[in-house]
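Me: I would like to understand how the words used to describe a protein model are justified. Could we go through them one at a time?

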Amino acid sequence: MHDFLADKRFEGLKPFENKLWLSSPTMHGEEQKWVDEAIRTNWVSTVGANINEVEKQTAEYVGCKYAVALSCGTSALHLATKLAGEKLYGQAKPDQGTLAGHKVFCSDVTFDASINPVAYEDGEAVFIDTEYDTWNMSPQALEKAFELYPEVKLVVIAHLYGTPGKMEELKTICDAHGALIVEDAAESFGSKYKLHGQWVETGTLGNYNCISFNGNKIITGSSGGMFLTDSEEDANKVRKWSTQSREAAPWYQHEEIGYNYRMSNIIAGIVRGQLPYLDEHIAQKHAIWERYEKELADLPVRMNPWDRENSEPNFWLSCMIIDEDAMAKMVRGEQDYLYQSVSGKSCPQEILDALAVFNAEGRPIWKPMHMQPIYRTNPFVTVEGNGRGCTNAYIAGSGLDVGSDIFHRGLCLPSDNKMTPEQQERIIELIHRCFY
Ligand SMILES: Cc1ncc(COP(=O)(O)O)c(C=O)c1O
């Protein structure tokens, strides 16, 4: 790697003594109280007061009728996807997924946990390209996808980095095609969205909705997740599936396949201690985003965008994207990268290397799912239609692919809510020096 510490551009800048994280847990003390209480009262299991309380408080916060506490966001997404599959195509045999033989439209720039459950259920993910306004699923590309695959009845939509996608447009398109929505609000717990003039929370915008309490999220249980719904029937089904699908019998009796996906009462104790601080964390993350935006304004970069009229993100991660003409040459293989250091320009990998040397954690933009080796043969749809094989050796074409462009030019910046303004100033200075 380039010797940043010997590089004149970085003269006088000191590495952080303690690592500055992308987004790490922030404990407040009450977590310990609820964990201790669970242990003292011997509710060290997947039942207990902490679970009941976090379900109640989360449903109240989000404004839905039922919340089912699960072991992680991924398990919530799996059961949400399975519920949708069963609703659409009926109950599957125990050794088969509910989506076998069916395509599902999916967000493309997201963490793979959003869309892996489609494969768990034997479905085929069709990735829908991203738009530049919110870095989420493009409504135009979704329209195109329904032209290509009119039979599709399920769409998995994630809100990247806590920024709500264009849900009103996406929902209108899904409604017009009679398609259900699995909403992945794992990164956006606490984000608000104006739907038909009414402010609502993300996590209430789909037919099946999920959040995560992973250690890096806006609040955490160390792990954990929830399924959110207004349907008592769906909530009961998810609770049953998550506890090995036991039937009402004195012995272990099973009529459908089960999972061990329920949240532990210990984890729920941590979540219970965190919930009162959700709004505080959001305010801290918002201030971080604003500071980056203001102080990077003189550089050829922009922050991750959001719709100021119709959304209030939770600002989980602050990200930036470098203007095309300020990009130094950078290439990425499957596991490695190369770039040039060019005066007046920079690139994500150079900035990430510099951050690492100065003991701060950044991250590349989530690599789009259609570019992942595991999903390389799945369909991908852009605003222009089929996004696969759309360049031509003999004719100059556009090869438009918004997700890969954001991946190429963007990066996630240190966004820890415990970062002080002084620490953030040093990060901002470091980014400036990358462009010297
Ligand atoms: C968009 C998205 N979906 C799903 C998940 C999975 O959540 P969990 O880690 O709680 O399983 C994550 C993060 O971990 C995520 O960022």
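Reply: The questions below take up one descriptive word after another, and the model they refer to is a predicted one.

Me: What makes K329 count as exposed?

Reply: A residue is called exposed if 12 or fewer other C-beta atoms lie within 10 Å of its own. K329 has 11 C-beta neighbours inside 10 Å, and therefore it counts as exposed. This residue is found in the loop between β12 (319–322) and β13 (330–332).

Me: How do you know which residues K329 touches, apart from those up to four places away in sequence?

Reply: Contact requires C-beta atoms that lie within 7 Å of each other, and, once residues up to four places away in sequence are not counted, K329 touches Y339 and Q340. As for S341, it is twelve residues from K329 in sequence, and their C-alpha atoms are 8.1 Å apart in space.

Me: Why is the largest nonpolar core said to lie between domain 1 and domain 2?

Reply: The chain is divided into domain 1 (8–24 + 278–435) and domain 2 (30–276). The largest nonpolar core has 121 residues, of which A80, V104, C106, M226 and F227 touch the most other members. Helix α3 gives the most to this core, with six residues. Both domains give residues to the core, so it lies between them. If we follow A80 and leave aside its neighbours within four places in sequence, we find it in contact with V182, Y208, C210 and F227.

Me: How many residues of each domain are in contact with the other domain?

Reply: The contacts join 38 residues of domain 1 to 41 residues of domain 2. On the side of domain 1 that touches domain 2, the residues divide into 21 nonpolar, 14 polar and three charged.

Me: What makes β7 and β11 edge strands?

Reply: The open sheet of three strands has the order β7-β6-β11, with antiparallel pairing. Both β7 (198–201) and β11 (311–312) pair on one side only, and they are the edge strands. Two strands are said to pair if there are at least two bridges between them, and β6 (residues 192–195) and β7 are joined over four bridges in the antiparallel sense, which include the bridge from L195 to its partner in β7, Q198.

Me: Which residues are the closest to the ligand, and of what classes is the shell made?

Reply: The ligand is surrounded by 15 residues, and the closest are C72, G73, T74, A186 and S212. By class, the shell has six nonpolar, seven polar and two charged residues, and its largest share, three residues, comes from helix α3 (residues 73–89).

Conventions
Residues are numbered from 1 along each chain as its sequence is written. This is a predicted model: local features need pLDDT of at least 70, side-chain atom pairs count only at pLDDT 80 or more; totals for chains, interfaces and linings use all residues. A residue is near a molecule or strand if its C-beta atom, placed from the backbone, lies within 6 Å of it. Helices (H or I, at least four residues) and strands (E, at least two) are DSSP runs, numbered from the N terminus. Ala, Val, Leu, Ile, Met, Phe, Trp, Tyr, Cys and Pro count as nonpolar, Asp, Glu, Lys and Arg as charged, and the others, Gly among them, as polar. A nonpolar core is a set of buried Ala, Val, Leu, Ile, Met, Phe, Trp, Tyr and Cys residues joined through C-beta atoms within 7 Å. A residue is buried if 20 or more other C-beta atoms lie within 10 Å of its own, exposed if 12 or fewer, and partly exposed in between; C-beta atoms are placed from the backbone. Domain bounds come from an automatic or database domain assignment. Two residues are in contact if their C-beta atoms, placed from the backbone, lie within 7 Å.
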